[in-house]
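This report concerns the bound ligands, pockets and cavities of one protein model. Please consult the sequence and structure shown below while reading.

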Amino acid sequence: MTTDSQAEDSEEGVALDPWGSSTIADYRTLFEEFGIEVFEDLLPEVSDPHYLMRRAIIFGHRDYDRVLQAMRADEPFAALSGFMPTGDPHIGHKLVFDELIWHQKQGGDTYALIADLEAHSARGLTWEEIDEHAQDYLLSLLAFGFDPEEGTLYRQSEHREVQDLAFELGIETNFSELEAIYGFDGETDVSHMQSVVTQMADILYPQLDEPKPTVIPVGPDQDPHMRLARDVATRMRYFGVTTAYASFEAEPAELEYIGRAYEALEEADVRCAAAADWLEENAEGDTALNGAIEKLREAGQEPVRPRVRFLDRNASEDAFEALIEAVEGEKRVYDEHVDAFEMDHEAAEELARQVEVENGGYGFRQPSSIYHRFMTGLTGGKMSSSIPASHISLLDDPADGGDKVRAATTGGRETAEEQRELGGKPDECPVYELYAYLLAGDDDEYAQRVYQECADGDRLCGGCKNEAAEAMEDFLEVHQERREELRPKLEELDVAITPDRI
Ligand code: TRP
Ligand code: SF4
């Protein structure tokens, strides 16, 4: 069956385990340890940001800048996310629905998929259960405003192209990687592994016709999948593009030293040996420095000249020939690489991709991602589908939804008196989160007011919860009405609701 050993094995506080029960105790670790970047830094570049962005509920990203760039330049970009139909869709899923819909409204080519293969293999749900939940996810997504005519909906199990792509990507993915990333071991079943390459295919599918910036909005528990998808995307590429200063290959740290010597000596016709002399005199030693000096010495009187280098990774002979043809200006051709002396790095990247696509490759761009915070459960701790009181299902009877809010834990003080005196703790309050993530909608001023009144002691929990409960009842009522209005549309979707199975 499934193995979630990575969560236990991790020595650090944060384990990212897509099938475990990750709670993120410390978001900082995600930045420091996993290299996720801070979303706020990009906020000024987003025109008309979603409230989830404005309120830092979307807190992190990988390479989202290039998606924004495409958005601004009116160039093609895509957004995709997937839903494992293991239970009712709940208010936590609404964040992702909203993120997809927002990107669709910004002009993105938008995809939502039902991860039924993953639910069946990694979670052991029966197909009947999966079909029922799948419908509910799709219906809620439509009810919140996803446009199925503009966007694409599919189920993993029904999508032949995705399966074919998964198979291709599987060739570039090996078991020891899955072991390292997910803690898979000899007991892990093969279908679970297949669901991983299927997710890789989901993530890259928007680029099948044409490479384009793609954002995957997810929770940080999905980051291991993102890292693997980004790696695999690169591995599929025909050519690598690097920088070089002479005929030999060097590590990035060595290149940095050689670059320094070249800059310092630039006015003369710099020879490798002279650059080695300069480094010996002027740089402090480490292994990269020694490596650089050794390589320069070996190259002797060869001139130092910066260039971009195209490495042949997975290209056919024809594709490599086509690339050599396509490089303009002075070039030098070697067995497994070609050096171009009159191109900058970015142009070289573009050319490599173009030649790849023209010669039968995918030319994938590394997919980008954005990460949202997990909502705290209404009972404190994690919001979990398996603890009904901890979350509000989008299908909950509105009165029950209201009752769950009234029964929620709060960041309030022991007594009303204390609360008036010290103020409540909105930052630790699941009810405040309901306002910020959902109930205040686009109204920042309202969310801000709740926060301030609470912190100032002008708001008491009883009244605050009542207000939230009533808003929740309205929200559920409106949403569920909209679902019923759209139910007949389900039949018209391209995605099969109850597929034929063996
Ligand atoms: N693994 C995701 C989950 O557990 C579902 C999923 C499948 C997905 N394919 C995806 C998410 C592609 C984002 C992109 O919910
Ligand atoms: Fe939470 Fe509202 Fe109480 Fe403040 S007043 S702690 S926001 S329930």
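The shell around ligand 2 is made up of seven nonpolar, four polar and one charged residues. In this classification Ala, Val, Leu, Ile, Met, Phe, Trp, Tyr, Cys and Pro count as nonpolar, Asp, Glu, Lys and Arg as charged, and the others, Gly among them, as polar. The model is predicted, with local features requiring pLDDT of at least 70 and side-chain atom pairs pLDDT 80 or more, while totals for chains, interfaces and linings use all residues. Residues are numbered from 1 along each chain as its sequence is written, chains are lettered from A and ligands numbered from 1 in the order in which they are written, and side-chain values use heavy atoms, with hydrogens and water left out.

**Ligand 2 and the largest cavity**

The residues around ligand 2 (a heavy atom within 4 Å of it) are Thr410, Gly411, Gly412, Gln419, Cys429, Val431, Tyr432, Cys454, Arg459, Leu460, Cys461 and Cys464. Helix H19 (430–439) and helix H21 (461–490) each contribute at least two residues to this shell; helices (H or I, at least four residues) and strands (E, at least two) are DSSP runs, numbered from the N terminus.

Ligand 2 takes up the space of the largest cavity. On a 1 Å grid over the protein atoms alone, a cavity is a set of points where a 1.4 Å probe fits but cannot get out, whereas a pocket is an open set with protein on both sides within 12 Å along at least five of seven lines; lining residues have an atom within 4 Å of a point. A molecule sits in a cavity or pocket if more than half of its atoms lie within 2 Å of its grid points.

The lining of the largest cavity consists of 17 residues, and those nearest its centre are Cys429, Tyr432, Cys454, Cys461 and Cys464. H19, H20 and H21 each provide at least two of the lining residues. By class, this lining holds 10 nonpolar, four polar and three charged residues.

**Ligand 1 and the largest pocket**

Ligand 1 is surrounded by 14 residues, of which Met84, Glu118, Gln199, Asp202 and Gln222 come nearest. The shell divides into seven nonpolar, five polar and two charged residues. Strand S3 (78–83), helix H10 (190–204) and strand S6 (214–218) each supply at least two of them.

Three side chains have a polar atom close to a nitrogen atom of ligand 1, at 2.8 Å for Glu118, 2.8 Å for Asp202 and 2.9 Å for Gln222. A polar contact is a pair of N or O atoms within 3.5 Å; within protein, one must be able to donate a hydrogen and the other to accept it, and residues adjacent in sequence count only if both atoms are side-chain atoms. The protein covers 92% of the 370 Å² of accessible area that ligand 1 has on its own (Shrake-Rupley method with a 1.4 Å probe; for residues, only the protein chains shown count as cover).

Ligand 1 sits in the largest pocket, which holds about 1100 Å³ of space. Among the 46 residues lining this pocket, His93, Asp221, Gln222, Phe374 and Lys382 are the closest to its centre. S3, helix H5 (91–105), H10 and S6 are the elements that give two or more residues to the lining. The lining comprises 19 nonpolar, 20 polar and seven charged residues.

**Second largest pocket and second largest cavity**

The second largest pocket is lined by 19 residues, with Arg373, Asp427, Tyr432, Glu433 and Tyr437 closest to its centre. Two or more lining residues come from each of H19 and helix H20 (444–455). The lining divides into 11 nonpolar, two polar and six charged residues.

The structure holds two cavities of 30 Å³ or more. The second largest is lined by His50, Leu52, Met53, Ile58, Glu99, Trp102 and His103. Helix H3 (51–54) and H5 each supply at least two of these residues, and H5 gives the largest share, three residues. By class, there are four nonpolar, two polar and one charged.

**Volumes**

A volume is the space filled by probe spheres set on the grid points, which are joined across faces, edges and corners.

| Space | Volume |
|---|---|
| Largest pocket | about 1100 Å³ |
| Second largest pocket | about 510 Å³ |
| Largest cavity | about 100 Å³ |
| Second largest cavity | about 30 Å³ |
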